[in-house]
Amino acid sequence: MHSVILAIESSCDETSASVIVNGKVLNNIIATQAVHQKYGGVVPELASRAHQQNIVAVVHEALASADVKTTDLHAIAFTRGPGLMGSLLVGISFAKGMALGLKIPLIEVNHMQAHVLAHFIDDPKPVFPFLCLTVSGGHTQIVLVNAPFEMEVIGQTQDDAVGEAFDKAAKILGLPYPGGPLIDRYASQGNERAYKFPETVMPGLDFSFSGIKTAFMYFLRDEKFKNPDFVEQNLPDICASLQRHLIQMLLSRMTKASEQTGIKEIAIAGGVSANSGLRKELIALGNKKGWNLFIPAFEYCTDNAAMIAMAAHFKFLKGDFCGLETSPLARMPF
Ligand code: KG4
Ligand code: ZN
């Protein structure tokens with residue numbers, strides 16, 4: 001079945017559009033919102049305003065670079081949730097207006113399912129069933145994926161997401177938002193065994209990251225008491241040790257999940273999967289355990305519309321469309 005779909009992502013602070021033709025992603029246009037940097041985190045009101053400023057240009061660029069006219073489109077896809085309400089509403093309203101004007105169907109996509117389905121953009125693709133560690137600024141989940149939309153969360157954080165732990169630790173160190181990529185950069189020059197941090201062990205396959213934030217704060221307070229220049233003098237070692245600690249927490253649960261389910265097809269997704277330490281450690285562990293690993297290209301790790309387009313393609317094949325009454329107010333089914 002011939003299909004040309006435009007997908008829009010606007011759940012947080014990236015305005016993104018992508019065109020997918022017959023299951024092949026043609027582009028992935030992303031406008032990143034620099035406005036949040038000076039506030040040390042995403043400011044929801046500023047995010048939705050920036051989406052409004054960017055969305056027309058981003059959609060135009062996606063259509064133009066794919067050489068697709070609006071009249072060529074068969075459906076418009078958008079992120080319905082989870083995400084920031086004001087941000088989601090911009091993408092949803094834009095998608096509804098376009099679909100209504102063009103008299104074509106709408107496809108709603110769950111952002112977290114899309115992170116998992118990003119693995120179907122490029123080869124090699126995972127074989128069902130597989131396990132996906134989805135790690136972002138808002139989520140930390142181990143997902144058992146039986147089919148494109150048959151996913152079960154078998155483990156998740158009970159408090160903060162791991163991306164939040166990266167970003168908050170960076171903030172405590174005085175680094176700008178988002179701190180995750182900066183910790184990654186400093187960590188590459190440091191000694192990961194310089195400092196040790198306590199681990200909160202949760203039952204089953206669940207995670208907890210709120211304790212590490214407090215432990216990290218007290219650790220720095222004590223060290224700075226002894227040496228006021230402690231952070232400036234030891235930044236790479238601090239970042240490397242903290243990063244190793246967070247990675248170990250993630251990988252120990254993934255090992256347990258693989259042992260419990262007997263599944264050795266292992267994938268990672270979400271913004272934190274861009275972390276070079278996590279990618280390296282996962283490859284080493286995978287080699288040891290005989291896992292078949294799927295690590296996405298960097299541009300498909302953080303928020304992007306290509307993953308929304310991929311999920312939309314699977315929904316288009318099933319004829320799974322939504323009506324104009326669709327709203328981010330109701331929780332998007334997983
Ligand atoms: O998936 P994503 O773009 O947005 C959400 O849906 O949350 O993830 C953003 C998160 C932020 O916490 C950011 O600091 C983190 O991903 N992140 C990283 C790296 N790149 C992005 N964390 C650690 N190392 C990185 N290289
Ligand atoms: Zn995301």
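Biologist: How much surface does the chain expose, and what share do carbon and sulfur atoms supply?

Modeller: This is a predicted model. The chain exposes about 14500 Å². Carbon and sulfur atoms supply 54% of that area.

Biologist: And the inside? What percentage of the residues is buried?

Modeller: Buried means under 20% relative accessible area. By that cut-off, 54% of the 334 residues in the chain are buried.

Biologist: How do I read the radius of gyration of the chain?

Modeller: Set it against the globule rule. For 334 residues, a compact globule would come out near 20 Å. The chain has 20 Å, so the two agree. For the extents, take the principal axes: the C-alpha trace spans about 65 × 45 × 35 Å.

Biologist: Which secondary structure elements does the chain have?

Modeller: Nine helices and eleven strands. Then look at contacts between residues at least 6 apart in sequence: 72% of them join residues at least 24 apart.

Biologist: Where do the mean positions of the charges fall relative to each other?

Modeller: Average each sign separately. The chain has 28 positive and 32 negative charges, and their mean positions are 2 Å apart.

Biologist: Now the metal. Which residues coordinate the zinc ion (ligand 2)?

Modeller: Read the donors and their distances. H111 (NE2), H115 (NE2) and D303 (OD) coordinate the zinc ion (ligand 2), at 2.1 to 2.2 Å. Along the chain, the donors are spaced H-x3-H-x187-D. H115 belongs to helix α3 (residues 111-117), while D303 sits in the loop between β11 (292-294) and α9 (305-318), so this pair ties together parts that are 188 residues apart in sequence.

Biologist: Are H115 and D303 buried or exposed?

Modeller: H115 is buried, and D303 is buried too.

Biologist: Take another histidine. Where is H36 found?

Modeller: Locate the flanking elements. H36 is in the loop between β4 (29-32) and α1 (44-65). Its relative accessibility is 1%, so H36 counts as buried. Leaving out residues up to four places away in sequence, H36 touches D13, G41, V42, V43, L46 and A47.

Biologist: How far apart are H36 and R253?

Modeller: Give both separations. H36 and R253 are 217 residues apart in sequence and 32 Å apart in space, C-alpha to C-alpha.

Biologist: Why does S3 count as buried?

Modeller: Check the accessibility before the position. S3 lies in the segment before β1 (4-9). S3 has 1% relative accessibility, so it counts as buried. With residues up to four places away in sequence left out, S3 touches I20, V21, N22, H74, H313 and F316.

Technical notes
Residues are numbered from 1 along each chain as its sequence is written. Chains are lettered from A and ligands numbered from 1 in the order in which they are written. This is a predicted model: local features need pLDDT of at least 70, side-chain atom pairs count only at pLDDT 80 or more; totals for chains, interfaces and linings use all residues. Side-chain values use heavy atoms; hydrogens and water are left out. Donors are N, O and S atoms within 2.8 Å of the metal (3.2 Å for Na, K and Ca); water is not among the atoms, so sites may look incomplete. Helices (H or I, at least four residues) and strands (E, at least two) are DSSP runs, numbered from the N terminus. Buried means under 20% relative accessible area, exposed over 50%, partly exposed in between (1.4 Å probe, protein chains only). The radius of gyration is taken over C-alpha atoms; the globule rule is 2.2 Å times the number of residues to the power 0.38. Contact means heavy atoms within 4.5 Å. Accessible areas come from the Shrake-Rupley method with a 1.4 Å probe; for residues, only the protein chains shown count as cover. Lys and Arg count as positive and Asp and Glu as negative; His and the chain ends are not counted. The place of a charge is taken as NZ of Lys, CZ of Arg, CG of Asp or CD of Glu.
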